[in-house]
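Student: Could you pick one part of this fold and take me through it slowly, residue by residue where it pays? I'd like to see what sits around that part, and how its ends are tied to the rest.

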Amino acid sequence: MNIPLKPVEVIVSCTKKDIRRPLYLRIALNDENLKTINVDKVLTKGNERIKNNNGISYRCNSLIEGSVLFYELKFELSSSRWKLWRM
């Protein structure tokens, strides 16, 4: 599945030190259908700076319909928005 950078809804857990860990994401497959995906594992987490926009990148994997899929979630600090990247 090749999805371009796309806004998604993400449920996260946060610690007292404001460390975010994505738990679930919800993506609109088309106009009406929403799919909720459990984030099984966060493989890596890193800070990013692209065009003066700071963010955090999470490389994750999930078991979807019997297959393990790898993808990247990006959190933009300036807008507090999550985006799905490279699924």
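Tutor: Let's start with a term: a nonpolar core is a set of buried Ala, Val, Leu, Ile, Met, Phe, Trp, Tyr and Cys residues joined through side-chain atoms within 4.5 Å. Buried here means under 20% relative accessible area, exposed means over 50%, and partly exposed is in between, with a 1.4 Å probe and protein chains only. What you're looking at is a predicted model, in which local features need pLDDT of at least 70, side-chain atom pairs count only at pLDDT 80 or more, and totals for chains, interfaces and linings use all residues. Numbering runs from 1 along each chain as its sequence is written, and side-chain values use heavy atoms, with hydrogens and water left out.

By that definition, the largest nonpolar core has 16 residues. V8, L25, I37, Y71, L73, W82 and L84 are the ones with the most contacts inside it. Two or more residues apiece come from β1 (6-14), β2 (20-28), β5 (53-64), β6 (67-76) and β7 (81-85); these strands are DSSP runs of E, at least two residues long, numbered from the N terminus. The top contributor is β5, which gives 4 residues to the core, and that's the strand I'd like to follow.

Before we do, have a look at two β2 positions. L25 has contacts (heavy atoms within 4.5 Å) with E9, V10, K35, T36, I37, V39, Y71 and L73, once neighbours within four places in sequence are set aside. Y71 and L73 are on the list of core residues with the most contacts, just as L25 is. R20 also belongs to β2, and this arginine counts as buried because its relative accessibility is 19%. With the neighbours within four places left out, R20 is in contact with S13, C14, I56, Y58, F75, L77 and W82. Two of those partners, I56 and Y58, bring us to β5 (53-64).

On one side, β5 pairs with β4 (residues 41-50): they run antiparallel and are joined by 9 bridges, where pairing takes at least two DSSP bridges between the strands. You can trace the register through R49, which stands opposite N54, and through E48, whose bridge partner in β5 is G55. The two strands make a hairpin with 2 residues between them. K51 sits in that turn and has a positive phi of about 50°.

On the other side, β5 and β6 are also antiparallel, this time over 10 bridges. G55 turns up again here, with E76 in β6 as its bridge partner. So the glycine is a handy landmark, because E48 in β4 and E76 in β6 are both bridged to G55. The β5-β6 hairpin likewise has 2 residues between its strands. E65 is in the loop between them, and has a positive phi of about 50° although it isn't a glycine. Most residues other than glycine have a negative phi. E65 counts as exposed because its relative accessibility is 73%. A further positive phi belongs to S80, near 55°, again in a residue other than glycine; S80 is in the loop between β6 and β7.

Now for the strand itself, with two polar or charged side chains to compare. N61 lies in β5 and is buried, since its relative accessible area is 13%. Apart from neighbours within four places in sequence, N61 is in contact with V39, D40, K41, L43, V68, L69, F70 and Y71. R59 is in β5 too, but with a relative accessible area of 35% this arginine is partly exposed. Not counting residues up to four places away, R59 touches K41, V42, L43, T44, F70, Y71 and E72. The two lists overlap: K41, L43, F70 and Y71 are contacts of N61 and of R59. As a yardstick across the model, the C-alpha atoms of R59 and L29, which are 30 residues apart along the chain, are separated by 21 Å.

To pull it together, β5 is paired with β4 through 9 bridges and with β6 through 10, and gives the most residues to the largest nonpolar core. Along β5 you can find N61 buried and R59 partly exposed, while E65 in the loop that follows is exposed.
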